[in-house]
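Thank you all for coming; I would like to walk you slowly through a structure that will be new to most of you. Please have the sequence and the picture open while I talk.

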Amino acid sequence: MDQKEVNSPAAEPVKAARDNTPSPAYAKFMSEGWVPSDLDDVVAGPAVTSAFLRRTTLSAQYPGIRLVLPAGGFKVRSNDTDYRFRPHSAFAYYSGVQGVEASADAVLVLEPTETGHETFLYIHPRSTRDTHAFYTDRRFGELWVGRRFTLNEARARYQIETRRVDDLEALLKDGAAALTIRGEDPMIDKNIALHPQEKDFVAYTSAARLIKDEYEISELQRACDETAKGFADVIRSLPAAVSTARGERVVEAAFFGRARIAGNDLGYETIAASGSHACILHWIQNDGEVRPGELILIDAGIEMDSYYTADITRTLPISGKFSPAQRALYMLVYEAQLAGFAAVKPGATFKSINAACQAVLAKGLSDMGVLPMSPEESLLPENGLHRRWTLHGVSHMLGMDVHDCDKARDEDYILGTLKEGMVLTVEPGLYIQPDDEMFAPEYRGIGIRIEDDVVVTADGCRNLSQNLPRHPDEIEKWMLSLRN
């Protein structure tokens, strides 16, 4: 433990109105009798090398200017109850801080030098026993929320010079020009003046994640593999879901358990949409019944400790067998997804994935007799009538955020071309609303989406979630094996 950690005063503890001020006798008693508990075996984190290389590139992009990347603070759920903390993805990407090691209010600062930048990680270090914060501070006190790294331990873990976050405001008040990501930390927003390059900085730090390195792809593969186990848990839970009121929540709970065991958390709120709820694209109420004979659409992903997440959808027959109508619609979506896979290759436009899937869906809907014009006519921008049954685009980037790189410029993403190392989803869907008279009754109330995560390779793409069955025959065999 260094002298700065011992002698620097702790921030004012977070207290509730009902807290009592400890008596001097109690405070003295709490300061005595503790065995030294510094960690002597801290090793560099798994993302240290990747994060260092990323910062080197970032430094070269913005020479001579301070760069400030906040982790963000707690977000209030209700009154004095916060949501589980998860740092901003740009902070995690450039710092290498992962999982439960992340703490609120941390900030990564790249301070300009003559040759580039020097990096500092500002954190709330461990509330050591020589202060009273370890037992009085509800938000950061060790006896309230658990142990954090000391400055020295964090320095060893992330290979970055560490400082107390309480000292950051004094630095920012010097008025030096700086670039930051706003809306994450009020103190930073207040002390950093708006800079002409700020919008570019936000776009750049988002677009930097478009192409994944080997470490990132391996983490995304792990996320897909663990998510596959979560889907198996879901299938095993279906009998209980059928016999339980609000059975969708049984399904949701089964997947959540796997996410918390195998990873950091869910990558996003699970969609467990049974029956006609599958026709509601972002159904997360998950309070419906799970009925034999119907389908259940499950859109779910596990976020690993590295924050890389899967995003996979499967539509499953609750009884284990597709009806003829269910299978007919499913196969149309299946064929559309195959066309989407074929469109993913270096040099192809991002929009070509959607175009390939939409062409198959429009033709299929025309063959079913529900499209009042030819598929070619429907595919024209001024028409698009087939979109009545397939409202959404079929792809987005995937990484630390489920909709990764969302702040990148259009020309780098939506209007850009695919490059080797990009990871994205392919997820066509069909949704026949229960009151849609364009379809015969046996098709109404059926919603189907098939979603997989692929990495762009030198000659096409590789499906990271290929271990999850997709063809209806494979799904029926898979479900039967898990139930036996």
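**A walk through some helices and loops**

Let me begin with Cys405, which sits in the loop between α15, residues 375–378, and β13, residues 423–426. Before going further I should say that what we are looking at is a predicted model. The phi of Cys405 is positive, near 60°, although this residue is something other than glycine. Is Cys405 buried or exposed? Its relative accessible area is 0%, and so Cys405 counts as buried.

A positive phi also turns up at Gln159, where the value is about 60° and the residue, again, is not a glycine. Gln159 belongs to the loop that runs between α7 and β6, the latter being residues 161–164, and Gln159 comes after the end of α7.

That brings me to α7 itself, which covers residues 151–158 and in which Leu151, Glu153, Ala154, Arg157 and Tyr158 are buried. Viewed along the axis of α7, these buried residues lie within an arc of 160°, and they therefore line one face of the helix. As a reminder for anyone who has not thought about this recently, an α-helix has 3.6 residues a turn, so residues three or four places apart point the same way.

I turn now to pairs of helices, beginning with α11, residues 214–242, and α12, residues 248–262, whose axes are 8 Å apart and which pack at an angle of about 150°. At that angle α11 runs roughly antiparallel to α12, and the crossing of the two is right-handed. Which residues meet here? On the side of α11 they include Phe231, Val234, Leu238 and Ala241, and on the side of α12 they include Val250, Val251, Ala254 and Phe255. Sorted by character, the residues of this contact between α11 and α12 are 10 nonpolar, 3 polar and 4 charged.

The helix α11 has another partner in α16, and here the angle is about 70°, with the axes 9 Å apart. The two helices, α11 and α16, are therefore roughly perpendicular to each other, and their crossing is right-handed. From α11 the contact draws on Phe231, Ala232, Ile235, Arg236 and Leu238, while α16 contributes Trp478, Met479, Leu482 and Arg483. In this contact of α11 with α16 there are 7 nonpolar residues, no polar ones and 2 charged ones.

Staying in this part of the chain, let me point out Pro469, which is placed in the loop between β17, residues 461–463, and α16, residues 472–483. Pro469 has a relative accessibility of 15%, and since the cut-off for buried is under 20%, Pro469 counts as buried. Leaving aside residues up to four places away in sequence, Pro469 touches Arg314, Glu474, Ile475 and Trp478. The C-alpha atom of Pro469 is separated by 9.7 Å from that of Met479, a residue 10 places away along the chain.

My last pair is α3, residues 48–61, with α10, residues 198–207, which pack at an angle of about 150° with their axes 12 Å apart. This makes α3 roughly antiparallel to α10, and their crossing is right-handed. Here Thr57, Leu58 and Gln61 of α3 meet Phe201, Tyr204 and Thr205 of α10, a set that divides into 3 nonpolar residues, 3 polar residues and no charged ones.

Methods: Residues numbered from 1 in each chain as written. Predicted model: local features only at pLDDT ≥ 70, side-chain atom pairs only at ≥ 80, totals over all residues. Heavy atoms only, no water. Buried < 20%, exposed > 50% of the residue type's maximum accessible area, 1.4 Å probe, protein only. Helix = DSSP H or I, 4+ residues; strand = E, 2+ residues; numbered from the N terminus. Arc of directions from axis to C-beta. Axes fitted to C-alpha atoms, helices over the stretch in contact; angles between N-to-C directions. Parallel < 35°, antiparallel > 145°, perpendicular 65-115°, else oblique. Left-handed = near helix turned anticlockwise from the far one by under 90°. Contact = heavy atoms within 4.5 Å. Nonpolar A, V, L, I, M, F, W, Y, C, P; charged D, E, K, R; others polar.
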